[in-house]
Amino acid sequence: MEPETSKFESSEMLATYLASTPLLDESWRMCSHANTAAPLSFAVDRVGKVAYLAFSGVQMVDCSEENCRTLVELGSGANGIFDGFCDRGGGDQEPIMVHGGLLQAFLCFFHTKNFQNKMHEIMNECKSVVVTGHSLGGALASLTALCLLSSIKATSASVHVLCITYGSPMLGNKAFSQAIQQERWAGNFCHVAGQYDIVPRMLFAPATPIMQELSILFAFWQSCMSCTATPSVVSQLSYASIAAVFDTVLPCAERRAMEDGETGRGLFWPFGSYMLCTAEGAICLDNREAIVKLLYLMLAKGSVDSYVADHLKYEYYVSRVCWHFLQRRSLTDVCSSESSNDAGIALALRSSGIGFQEAVYGTAKNCLAMARQSGCRRTIQNAKMAVSLRKFAHIRVQIEWYKAFCDGSDDQLGYYDSFKLRSTSMKGNRVNIYRIRIGIFWDKLIDMMETNQLTHDFHELAKYVNASHSYTLLVEPLEIAEYYKTCMHKKKGHYIEHGRERRFKIFDKWWRDRKVGDEEGNPRSRFASLTQDSCFWARVEEARDCVHLITGEMDSGKQAFLSSKIEKFEQYAIRMIERKEVSVDVLAKYSSYNLFRDEWNELKSRMQVVLPSRLPVSQDRMVQKFS
């Protein structure tokens with residue numbers, strides 16, 4: 001029996017994965033190399049079929065400038081590069097926005113021939129790519145990884161992308177964070193943040209009061225990264241200037257930590273997973289509210305001196321994370337707890353550097369407990385959805401029975417047209433109620449998945465991929481029939497472009513992204529039980545509408561355009577029938593498809609247009625057989 005739990009559900013498992021493989025060591029090695037050997041650029045390395053792409057932390061991006069700190073819409077600001085990702089915005093939703101200066105820095109790389117060549121090489125020759133970067137380079141790495149994921153989504157390429165950043169500033173607004181979560185890409189991003197490093201926290205604060213101080217700080221950090229630190233740079237780093245930054249950011253971080261996670265008004269939000277590092281170990285979290293709170297609580301234990309040094313300590317943190325993973329440590333300070341959950345939280349707090357005797361221990365403990373409970377709730381919700389899915393099995397059976405009844409009926413209308421032309425039919429009206437009920441169930445499931453209430457790989461579980469696909473093939477013809485029965489195409493336009501429910505588009509993507517077995521490419525020996533193109537009937541309706549439009553069209557150019565559309569569909573339908581990818585209801589004597597054929601052939605005869613009209617002998621015989 002298939003397990004309900006996710007293979008990579010929790011951020012804890014991501015932390016174990018990173019610490020137990022060379023990924024952290026290798027990605028930091030590449031960051032360090034890029035900092036010294038490729039300032040203002042990036043470095044690429046290949047290890048077998050794995051590519052490492054590292055952006056230098058030495059970049060010409062001034063995060064202190066107010067105009068650079070302004071959020072810009074990712075879709076319009078990037079000229080369509082992230083179109084597949086940004087399509088989630090619009091309507092009443094908050095637009096997806098990112099840091100304007102960092103986006104412009106990324107676009108400067110993106111439009112260079114060198115960058116384009118490297119991306120093409122990686123996409124065509126590698127199975128996996130690790131995109132990484134330190135400091136400002138981490139934000140560029142995140143945008144590059146997002147660009148790759150958007151491209152993979154559009155092209156269905158089989159390249160795996162993982163982004164690991166070190167001391168990176170936050171990048172986008174809440175809608176940006178939510179969109180990444182809804183795309184199920186949160187697990188593709190891991191942000192390593194030092195205990196006192198102020199850069200991952202600096203965008204909690206407005207830049208205006210500390211613009212000059214931030215400029216001096218970044219000049220100092222970048223000179224240290226590239227090993228070009230000079231006395232003049234160091235001399236500008238006065239205690240007063242660095243204290244001003246700390247004293248501005250800390251209270252802003254505290255205010256953000258006190259806000260409610262859902263209604264917080266902050267401009268910038270964390271996305272993906274965060275690995276918060278100390279000398280004692282690391283905590284890995286993917287809950288936004290918990291990340292914000294821990295970022296504040298850990299910084300509050302620091303000092304003015306510690307935050308400056310911490311931005312340059314990631315080699316040390318990486319070595320400590322890997323070392324602690326290999327050590328079997330005793331829990332002497334939590335042995336009094338009878339709960340293994342409490343022990344786990346206590347160990348995590350110990351790794352964060354927050355001791356049980358400290359005043360903030362209770363707040364931090366509650367924060368981690370909330371994050372852990374949300375992970376447990378996802379697994380429980382998975383189980384509940386499995387139970388709900390089984391409860392809807394009888395509805396599927398009833399609809400299948402209705403289809404069989406319609407396909408075998410003496411009226412020879414078939415499944416689609418029987419439902420579309422139903423009047424007071426008790427059977428048809430009952431099936432319509434089933435259609436609505438089961439649609440509500442799937443919409444609820446999608447909403448739970450997109451609000452992070454289900455496990456992160458829920459959409460990859462075979463049970464739900466197969467069930468959603470079967471639902472689409474069985475029920476979407478009914479959705480199309482209802483759409484045209486109620487003449488919605490006259491008010492909104494044709495179904496595929498203007499009326500198709502979002503759930504069906506999501507299920508199509510799940511089906512495309514599944515692992516395909518060899519047996520699925522075998523030719524069919526008989527007609528499919530369900531037409532394999534769930535939008536087939538919508539294409540039929542659109543083709544019939546084109547036939548009717550030609551009748552009254554006087555413009556020869558428009559007639560030729562409509563004829564071309566009809567011919568294209570006609571050939572598509574012939575291929576579907578030849579491959580037996582349609583159900584028998586398509587071939588019913590009085591089906592909408594056969595009505596289309598009759599109308600189109602009659603129109604061609606009337607207009608004396610010489611167009612390919614011969615149907616394969618096999619199709620003519622098939623139609624006769626089911627007439």
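The following questions and answers go through a predicted model.

Colleague: What should I know about the numbering and the values before starting?
Modeller: Residues are numbered from 1 along each chain as its sequence is written, and side-chain values use heavy atoms, with hydrogens and water left out. This is a predicted model, in which local features need pLDDT of at least 70, side-chain atom pairs count only at pLDDT 80 or more, and totals for chains, interfaces and linings use all residues.

Colleague: How many helices and strands does the chain have?
Modeller: Helices (H or I, at least four residues) and strands (E, at least two) are DSSP runs, numbered from the N terminus. Counted this way, the chain has 28 helices and nine strands.

Colleague: What percentage of the residues in the chain is buried?
Modeller: Buried means under 20% relative accessible area, exposed over 50%, and partly exposed in between (1.4 Å probe, protein chains only). Of the 627 residues in the chain, the buried ones make up 53%.

Colleague: Which helix gives the most to the largest nonpolar core?
Modeller: A nonpolar core is a set of buried Ala, Val, Leu, Ile, Met, Phe, Trp, Tyr and Cys residues joined through side-chain atoms within 4.5 Å. The largest one has 99 residues, and those with the most contacts inside it include Leu-74, Phe-106 and Tyr-307. With 11 residues, the element that gives the most to this core is helix 8 (residues 136–155).

Colleague: How many residues are in the other core?
Modeller: This core lies apart from the largest one. Among its members are Phe-419, Ile-446, Leu-461 and Tyr-483, and its residue count is 64.

Colleague: Which residues is Tyr-307 in contact with, leaving aside its neighbours within four places in sequence?
Modeller: Contact means heavy atoms within 4.5 Å. Tyr-307 is among the residues with the most contacts inside the largest nonpolar core. Its partners, without those neighbours, are Tyr-196, Asp-197, Ile-198, Leu-217, Trp-221, Ile-242, Val-245 and Phe-246.

Colleague: Is Arg-544 buried or exposed?
Modeller: Arg-544 is found in helix 25 (residues 536–551). Leaving aside its neighbours within four places in sequence, Arg-544 is in contact with Ser-592, Leu-595, Phe-596 and Glu-599. Because its relative accessibility is 14%, Arg-544 counts as buried.

Colleague: Which residue in strand 2 is the bridge partner of Val-44?
Modeller: Two strands pair if DSSP finds at least two bridges between them. Strand 1 (residues 42–47) and strand 2 (residues 50–55) run antiparallel and are joined by six bridges. In strand 2, the partner of Val-44 is Leu-53.

Colleague: Which residue in the hairpin of strand 1 and strand 2 takes a positive phi?
Modeller: This hairpin has two residues between the strands. The residue with a positive phi, near 65°, is Gly-48.

Colleague: Where does Ser-135 lie, and what is its relative accessible area?
Modeller: Most residues other than glycine have a negative phi. Ser-135 has a positive phi near 60°, and its place is in the loop between strand 5 (128–134) and helix 8. Ser-135 is buried, because its relative accessible area is 0%.

Colleague: Is Asn-79 buried or exposed?
Modeller: Asn-79 is not a glycine, yet has a positive phi of about 55°. Asn-79 lies in the loop between helix 4 (74–77) and helix 5 (83–86). Its relative accessible area is 63%, so Asn-79 is exposed.

Colleague: How many salt bridges does the structure hold?
Modeller: A salt bridge is a side-chain nitrogen of Lys or Arg within 4 Å of a carboxyl oxygen of Asp or Glu. One of them joins Glu-400 to Arg-396, with the closest N and O atoms 3.7 Å apart; both residues lie in helix 18 (residues 393–407), four residues apart. The number in the structure is 22.

Colleague: How many residues apart in sequence are the parts tied together by Arg-502 and Glu-450?
Modeller: Arg-502 forms a salt bridge with Glu-450, and the closest N and O atoms are 2.3 Å apart. Arg-502 lies in helix 24 (residues 502–513) and Glu-450 in helix 20 (residues 426–450), so the pair ties together parts whose separation in sequence is 52 residues.

Colleague: Which residue forms a salt bridge with Arg-500?
Modeller: Arg-500 is buried, with a relative accessible area of 13%. Its partner is partly exposed, at 24%. The closest N and O atoms are 2.8 Å apart, and the partner is Asp-508.
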